[in-house]
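Trainee: I would like to learn how to read a structure feature by feature. Could you take me through one, starting with a charged pair?

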Amino acid sequence: MGAGGRMSAPSNVKKTETEALRRAPHEKPPFTIGDLKKAIPAHCFEKSLITSFRYLIQDLLMAYALYYVATNYIDQYLPHPINYLGWAAYIAIQGCVLTGAWVVGHECDHDAFSDYGWINDLVGLVVHSSLMVPYFSWKISHRRHHANTQSLENDEVYVPRFKSNIRNYYKILNNPPGRVIVWLITLLIGFPIYLMFNVSGHKYERWTSHYDPHSPLYTERERKQIIVSDFAILAVLYGLYNLVLAKGFAWVFCVYGGPLLVVNGWFTLITILNHTHPSLPYYDSSEWDWLRGALCTVDRDYGILNKVFHNVCNAHVCHHIFSMIPHYHGLEATEAMKPLLGDYYQYDGTPILKAMYREMKECIYVEKDEGETKGVYWSRKDI
């Protein structure tokens with residue numbers, strides 16, 4: 001049973017948009033993390049090294065097949081300029097497949113890939129570095145995000161703005177064309193500039209970067225891991241440099257650079273939409289606790305891409321509560337928790353393009369309700 005004593009709707013029943021926009025409960029839930037764990041079948045917490053590698057190899061084989069077809073058939077069999085459409089299709093599809101590989105690599109961040117820490121780190125380092133993500137740097141800051149989700153003071157990313165911090169250009173861009181421009185820029189460069197300059201991240205007293213071993217993001221003990229991540233990225237860049245010399249920039253962009261932009265775009269979109277929604281509360285230190293923060297995520301429906309992305313989008317609530325559960329058990333664990341979560345479970349099946357526009361319009365800053373004395377904040381749109 002959830003808040004108000006209502007059972008959650010069966011999984012095949014979709015919420016209406018009005019229901020999806022109804023504010024989530026913000027009081028302490030009537031269940032504990034232990035209650036939720038008991039509701040989930042024990043096998044959902046079991047990690048299979050073979051199964052994890054099967055998903056990774058499946059993604060890599062699909063990526064190679066796409067690469068083989070593109071490099072051997074597009075320019076050979078498609079006349080100019082139709083071949084441009086072929087390359088555009090390759091970039092889009094390959095970007096989706098590699099996003100799936102990114103998700104499997106992300107399992108390593110949470111030790112959900114296997115029971116062996118060294119295997120998790122080795123696989124994660126190779127997969128993430130190949131996609132230009134500094135593995136240990138990201139792993140550390142991402143875990144801190146999981147430890148402080150929806151905390152106004154301590155969350156590591158997705159930190160909302162207050163009305164007093166709204167700059168003039170937000171007002172200029174607060175219109176349909178402006179929102180489209182903001183989304184395009186965000187999807188194109190949002191993730192790289194977060195890694196490089198901590199844009200949209202937790203504010204520190206000095207310049208912060210995922211590539212800086214002395215960044216305030218990391219402790220003294222973690223600095224060697226950051227250096228390893230940096231060297232791995234440099235090795236990939238050196239390989240790309242040699243590929244450019246051998247094949248040319250256009251070939252490298254079409255084969256690798258374009259799909260990488262798509263990966264970054266999908267990752268940015270997925271994570272923003274899983275954490276940004278008009279129904280979700282934010283908490284200051286007087287109200288925040290780990291479970292309430294973890295519950296403040298929303299599952300989304302990406303259609304056929306749910307499978308391509310290994311259900312990271314539609315089992316994200318479960319992922320934040322039990323990040324050690326492998327992705328291939330995420331949906332089963334979600335269904336098992338739903339009756340207990342009740343209204344605390346958030347799902348929105350709004351078409352993604354519509355949701356993108358709505359969230360950009362409705363979630364500009366956060367503030368308390370008028371007369372509210374508790375440290376609970378909600379998204380606002382009037383600026």
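Trainee: Is R380 buried or exposed?

Mentor: Buried means under 20% relative accessible area. In this predicted model, R380 has 17% relative accessibility, so R380 counts as buried.

Trainee: Which residue forms a salt bridge with R380?

Mentor: The partner is E367, and the closest N and O atoms of the pair are 3.4 Å apart. R380 lies in strand β5 (residues 376-380) and E367 in strand β4 (residues 365-367), so the salt bridge ties together parts that are 13 residues apart in sequence. E367 is partly exposed, because its relative accessible area is 30%. The two also belong to a network of salt bridges that links R23, E367, D369 and R380.

Trainee: How many salt bridges does the structure hold?

Mentor: There are 18. One of them joins the side chains of R300 and E359, at 2.7 Å from N to O. This pair links distant parts of the chain: R300 sits in strand β2 (residues 299-300) and E359 in helix α15 (residues 352-362), 59 residues apart. Both R300 and E359 are buried.

Trainee: Which residue meets R358 in a salt bridge?

Mentor: D348 does, with an N to O distance of 2.6 Å. D348 lies in strand β3 (residues 347-348) and R358 in helix α15, so this salt bridge ties together parts that are 10 residues apart in sequence. D348 and R358 are both buried.

Trainee: Now the nonpolar side. Which residues touch the most other members in the largest nonpolar core?

Mentor: A core of this kind is a set of buried nonpolar residues joined through side-chain atoms. The largest one here has 26 residues, and those touching the most other members are W87, Y90, W102, M132, W138, F191 and Y194. At least two residues of this core come from each of α3 (49-77), α4 (82-109), α8 (176-197), α9 (223-247) and α10 (249-275). Helix α4 gives the largest share, 6 residues.

Trainee: Which residues does F191 touch?

Mentor: Leaving aside residues up to four places away in sequence, F191 touches W102, V133, W138, T186, N264, F267 and T268. A second, separate core has 19 residues, among them C44, A333, Y344 and Y345.

Trainee: Which residues form the nonpolar patch on the surface?

Mentor: I181, I185, L188, I189, F249, F253 and L261 form the patch, and together they have about 630 Å² of accessible area. The elements that supply two or more of its residues are α8 and α10. The largest share, 4 residues, comes from α8. As for a single member, L261 is found in helix α10. L261 counts as partly exposed because its relative accessibility is 34%.

Trainee: Which residues does UniProt list for "transmembrane region"?

Mentor: The unreviewed UniProt entry lists residues 82-104, 116-136, 180-197, 226-244 and 250-273. Such annotations may be inferred rather than shown by experiment. The listed spans can then be set against the model. Residues 180-197 are 100% helix and 0% strand, with end C-alpha atoms 23 Å apart. Residues 116-136 are 76% helix and 0% strand, with end C-alpha atoms 16 Å apart.

Trainee: Loops next. Where is F309 found, and is F309 buried or exposed?

Mentor: F309 is in the loop between α12 (305-308) and α13 (316-321). Its relative accessible area is 0%, so F309 is buried. Not counting residues up to four places away in sequence, F309 touches C96, T99, G100, V103, W266 and I270. For a distance along and across the chain, take F309 and E19: the two are 290 residues apart in sequence, and their C-alpha atoms are separated by 26 Å.

Trainee: Where is the place of S215?

Mentor: S215 is in the loop between α8 and α9. S215 counts as buried because its relative accessibility is 0%. Its contacts, again not counting residues up to four places away in sequence, are R206, T208, S209 and R223. The C-alpha atoms of S215 and S137 are separated by 10 Å, while the two residues are 78 apart along the chain.

Key. Residues are numbered from 1 along each chain as its sequence is written. This is a predicted model: local features need pLDDT of at least 70, side-chain atom pairs count only at pLDDT 80 or more; totals for chains, interfaces and linings use all residues. Side-chain values use heavy atoms; hydrogens and water are left out. A nonpolar core is a set of buried Ala, Val, Leu, Ile, Met, Phe, Trp, Tyr and Cys residues joined through side-chain atoms within 4.5 Å. Buried means under 20% relative accessible area, exposed over 50%, partly exposed in between (1.4 Å probe, protein chains only). Contact means heavy atoms within 4.5 Å. Patches are made of residues with over 30% relative accessible area and no salt bridge: like charges are joined within 9 Å, nonpolar side chains (Val, Leu, Ile, Met, Phe, Trp, Tyr) within 5 Å. Accessible areas come from the Shrake-Rupley method with a 1.4 Å probe; for residues, only the protein chains shown count as cover. A salt bridge is a side-chain nitrogen of Lys or Arg within 4 Å of a carboxyl oxygen of Asp or Glu.
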